[in-house]
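Subject: Structure handover

Hello,

Here is the structure for your files. My notes come right after it.

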Amino acid sequence: LTSVAAAGVAPYKAVLTHGFVLDHKGLKMSKSLGNVLDPEVVINGGKNKKMQPAYGADTLRLWVAGVDYTTDVSIGDGILKQTSDSHRKLRNTLRFLLGSISDFNPEVDAVPFEQLPSLDKFMLGRLTETFASVDHAYSSYQFYKASTLINQFAINQLSNFYLDISKDRLYISSPDDTRRRSCQTVLRHVFDQFVLMLAPLVPHMAEDAYQHLLPSPSRSSVFQTGWLRDQVSFASHEPKRWDFLMALRGDVNQCIELARRDKHVGASQECEVVLFVDPQAVPQAEEKLRDLLAMTSVADAFLVGEGAVDDLRFLLLVSQAQVVPSLSALRELCPQYHLARGADTGVAVGVRRARGQKCMRCWFFSESVPVLVPVSVAGSSSSASSASDEGADKSDLCGRCTLVLDTAATATTSHL
């Protein structure tokens with residue numbers, strides 16, 4: 001008031017107001033009611049660690065960031081457990097990212113943006129869009145919005161989509177395969193900006209993750225790396241197309257659940273998916289049909305050493321996928337399990353057991369996996385014996401995994 005009276009200006013540039021902190025029932029905290037929650041107990045735990053576990057400072061900060069402080073906010077044991085679960089999911093995401101880029105050197109192994117598959121370009125574009133929204137939320141003091149955007153990105157874009165389908169590229173491909181290095185290129189960019197995005201909310205976890213990458217002496221802390229707007233940005237890449245494909249994954253998974261419920265299949269790799277794009281039910285059906293046909297055009301993606309990133313089978317995590325010209329053709333191929341119209345896309349989806357045998361390395365089913373003939377105790381035919389002898393080491397692998405292992409063996413021999 002003195003500043004306003006003397007100089008006509010407020011003594012601050014901006015001011016935030018907040019409501020009361022209430023208990024989980026919405027009641028005002030009071031010693032007489034015994035419902036006061038001590039922040040020190042939340043951080044370090046109470047005398048009974050089972051009843052009052054130590055959540056740590058980051059969990060408390062994450063709760064503060066996740067509430068709309070412009071109104072009264074509630075806190076209690078149940079709310080803190082939910083916040084702790086969110087904290088654990090974020091931590092697990094960082095652990096996966098760190099493990100996936102542990103053998104990746106950006107200066108040597110990075111793939112240029114122009115050479116990345118469409119999926120990877122889309123992910124980097126979505127990364128930039130998300131961080132721009134988070135930056136705006138921070139700048140306008142909407143911490144709850146920033147927290148929501150971060151969680152949605154970690155769950156919907158990373159865990160449920162990109163990280164899920166990238167495991168095949170990371171674990172099955174050769175270490176230096178372009179298919180794997182392009183994925184690691186994306187994951188490194190994601191980690192670099194994801195950890196910065198988290199730093200204002202959960203500084204201890206962000207710093208722990210950053211230190212695992214052996215930072216340079218000039219930037220020994222995540223808080224010395226600069227803010228989001230100083231980082232590399234990427235143009236948006238085919239967002240409508242990939243949003244449709246992500247929605248298609250949801251419809252396919254719903255149909256797979258019908259077969260899984262009846263114990264007809266277990267993992268999604270045991271399935272072949274059949275699709276029909278109905279012009280009456282799907283907007284821009286002709287364009288989507290051409291796209292899906294192009295994504296299923298590889299004769300046998302399992303025999304491709306590099307590439308096949310954008311193949312529909314790997315996107316849906318199924319062993320085979322095909323597009324048919326009519327709903328009747330779909331029902332004929334998949335009489336038991338089908339959806340006449342997917343809830344998210346309108347595409348008709350059918351599921352049946354995949355053709356071929358299971359590869360014991362990648363777990364996909366393929367007709368390139370040899371069919372082993374059982375050998376009787378008393379004796380066997382010469383053809384069965386020769387088949388068993390010829391494929392003794394790789395008799396249960398698909399053509400793709402056999403190629404990967406042969407390439408690795410050749411590379412090892414050449415270095416001896």
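Below are notes on the sheet, the cysteines and one loop residue.

This is a predicted model: local features need pLDDT of at least 70, side-chain atom pairs count only at pLDDT 80 or more, and totals for chains, interfaces and linings use all residues. Residues are numbered from 1 along each chain as its sequence is written, and side-chain values use heavy atoms, with hydrogens and water left out.

Sheet. Four strands (DSSP E runs of at least two residues, numbered from the N terminus) form an open sheet in the order 4-3-6-5, with mixed pairing. Pairing requires at least two DSSP bridges between two strands. Strand 4 (320-323) and strand 5 (337-339) are the edges; each has a single partner strand, so one side of each lacks a neighbour in the sheet. Strand 3 (271-276) pairs with strand 4 in the parallel sense over 4 bridges. Leu-275 has Val-323 in strand 4 as its bridge partner.

Cysteines. There are 0 disulfides (cysteine sulfur pairs within 2.5 Å). The sulfur of Cys-334 has its closest cysteine sulfur in Cys-255, at 7.3 Å, too far for a bond. For Cys-362 the closest is in Cys-359, at 3.7 Å, also too far. Cys-334 is buried, at 1% relative accessible area. Cys-362 is buried too, at 7%. Buried means under 20%, exposed over 50%, partly exposed in between (1.4 Å probe, protein chains only).

Loop. Met-51 is exposed, at 60% relative accessible area. Met-51 and Asp-77 are 26 residues apart in sequence and 9.1 Å apart in space, C-alpha to C-alpha.

Best regards
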